[in-house]
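Here is a short report on a predicted model. It covers one helix, the nonpolar cores and a metal site.

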Amino acid sequence: MPSLLNKLLGWLGLAPPRLRCRREVWNAGVAELERRTLNGRRESGAYLLGSNRPDGSREISEFVFYDDIDPAALATGIVTIRQTALPRLWEVCRSRGLGVIADVHVHPYGYGQSESDQANPVIPRIGHLALILPNFARGRPLPGLIGMYEFLGDGRWASHSDQGSRFFKLEA
Ligand SMILES: [Zn+2]
């Protein structure tokens, strides 16, 4: 679909969301991310595994926590993705028949991207989506109150944060 038409449908609330997730999967994943901050002593994060739906949206079906893939990922207090961890991640994807469609990590305060977030996309693929939860994920923040960024390549990103549930829809 041409992007202008998609935009128009988006304004009218008729375009499919880019991301979807069942509410219980999201709530459980976000609660676990908060738990893994150890009461706000460090950041936490997860790869979001899922698949494409026929309408072109992507559905998150599973959180794979960084520290389960690489025990050292949270050790410095800031999420660190080491390339050496990737073979394990691909093994998990293969065993589930899913791909990495987005990632999520928490910040102490706001949900804006840091310079390091912008410089180091977790999956450096155009169209990859990075979500950021503010306030160490306390209060289980929902779309509209989280950062939603799309990697455009070459260090550039588009923010979709203000589109809230039109961009990322939680479903029953
Ligand atoms: Zn960050």
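Which exposed residues does the face of α2 turned away from its buried side carry? They are E24 and R35. Exposed means over 50% relative accessible area and buried under 20%, with a 1.4 Å probe and protein chains only. Helices (H or I, at least four residues) and strands (E, at least two) are DSSP runs, numbered from the N terminus.

This is a predicted model: local features need pLDDT of at least 70, side-chain atom pairs count only at pLDDT 80 or more, and totals for chains, interfaces and linings use all residues. Residues are numbered from 1 along each chain, and side-chain values use heavy atoms, without hydrogens or water.

**Helix α2.** Its buried residues are V25, W26, G29, V30, E32 and L33. They fall within an arc of 160° seen down the axis, so they line one face of the helix. That arc is taken from the directions from the helix axis to the C-beta atoms.

**Cores.** A nonpolar core joins buried Ala, Val, Leu, Ile, Met, Phe, Trp, Tyr and Cys residues through side-chain atoms within 4.5 Å.

| Core | Residues | Members include |
|---|---|---|
| Largest | 25 residues | W26, F63, L133, F168 |
| Second, separate | 17 residues | L49, A73, A85, L98 |

**Zinc site.** The protein donors are H105 (NE2), H107 (NE2) and D117 (OD, listed twice), 2.0 to 2.5 Å from the zinc ion. Donors are N, O and S atoms within 2.8 Å of the metal (3.2 Å for Na, K and Ca); water is not among the atoms, so sites may look incomplete. Along the chain the spacing is H-x1-H-x9-D. H105 lies in strand β4 and D117 in helix α5, 12 residues apart. Both H105 and D117 are buried.
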